[in-house]
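Trainee: Hi, could you walk me through this one? I'm new to reading structures.
Mentor: Happy to, let's open it up.
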Amino acid sequence: MADIEDSSSCATGAPKKSIAVKLPKITDADVAGFKTAYDAHVKERAAQTLPPLPLDAKQAQCVVELLKKGGDGDFLVDLIKNRVPPGVDDATYVKANFLRDIMKGVVSSPHVTLAQAVDMLGWMQGGYNVAPLIEALDLSGELAELAVAGLSRTLLMFDAFYDVEDKMKKGNAYAKKLVESWANAEWFTKRPKLAEKITLTVFKVTGETNTDDLSPAPDAWSRPDIPLHGLAMLKFPRDGITDAQKQMAELKTKGFPLAYVGDVVGTGSS
């Protein structure tokens, strides 16, 4: 069975570059112990007032295997739907291939229907989900409509645009509908309108704010973990800022989004 990066070819005739994704091996023990290990991770992060990290490729593979077996449906579907990063992460590769296999009837899960698989692919923002969604334009009405909806809000198409154009030229009505949606900028016009009035709470920061104030160099190791790295923001006290995390938490109790307002923000290379 071909993986997603080999599933379509550009209509211009230019060969697509194959993407080699080396996934970690998983064992039956990994799958059986996944929920216990994940629950422990969630608890550990919560103790730091942090959300759990996105699933990595090994965890995603465990979730996929459990979904095939029919485990705790609500828990597993929430993980595959909401805890896998979008784009071209290795875990995203696992997710997109699994949903494509569901869509094509290669594998099944009691918790994920064909329509749900296409819908989930449609929210992955570009990357590994694009090829399966283009394939879905050739499927039955509901699935093809879901593919149109997903691709219509996907801007990072690159050369895959020509695959859609080729289908349209060959008479695929769903591809035509998709191209018209892009032409009409529905990815923008269908978004919720901005409220006429937005109430914010101001977090006032005196003096100059530069890169090291928001992302201190000694904490650079934590940058891939954005919530954790955010705890280092304004870690060095200044006039009016004695404990930034505590002060921001107190301001949030007012119930409005915070607006960072500084005397000077972003000097030099910032």
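Mentor: Let's start with charges: Lys and Arg count as positive and Asp and Glu as negative, while His and the chain ends are left out. Each charge is placed at NZ of Lys, CZ of Arg, CG of Asp or CD of Glu.
Trainee: Okay, so how far apart are the mean positions of the positive and negative charges?
Mentor: They are 2 Å apart, taken over 32 positive and 36 negative charges in the chain.
Trainee: Anything I should know about the model itself?
Mentor: This is a predicted model, so local features need pLDDT of at least 70 and side-chain atom pairs count only at pLDDT 80 or more, while totals for chains, interfaces and linings use all residues. Residues are numbered from 1 along each chain as its sequence is written, and side-chain values use heavy atoms, without hydrogens and water.
Trainee: Cool. How many helices and strands does the chain have?
Mentor: There are 14 helices and two strands. Those are DSSP runs numbered from the N terminus, with helices being H or I of at least four residues and strands being E of at least two.
Trainee: And what share of the residues is buried?
Mentor: Of the 270 residues in the chain, 38% are buried. Buried means under 20% relative accessible area, exposed means over 50%, and partly exposed is in between, using a 1.4 Å probe and protein chains only.
Trainee: Let's look at a strand. Is threonine 201 buried or exposed?
Mentor: Threonine 201 counts as buried because its relative accessibility is 7%. This residue lies in strand E1, residues 201-209.
Trainee: What does threonine 201 touch?
Mentor: Leaving aside residues up to four places away in sequence, threonine 201 touches Leu251, Lys254, Phe256, Pro257, Leu258 and Ala259. A contact here means heavy atoms within 4.5 Å.
Trainee: And where is valine 265?
Mentor: Valine 265 is in strand E2, which covers residues 258-265. With a relative accessible area of 48%, valine 265 is partly exposed.
Trainee: Which residues does valine 265 touch?
Mentor: Thr209 and Tyr260, again not counting residues up to four places away in sequence. Between the C-alpha atoms of valine 265 and glycine 71, the separation is 50 Å, and these two are 194 residues apart along the chain.
Trainee: Switching to helices: which residues of H5 and H6 meet?
Mentor: Ala96, Leu99, Arg100, Ile102 and Met103 in H5 meet Leu114, Ala117, Val118, Met120 and Leu121 in H6.
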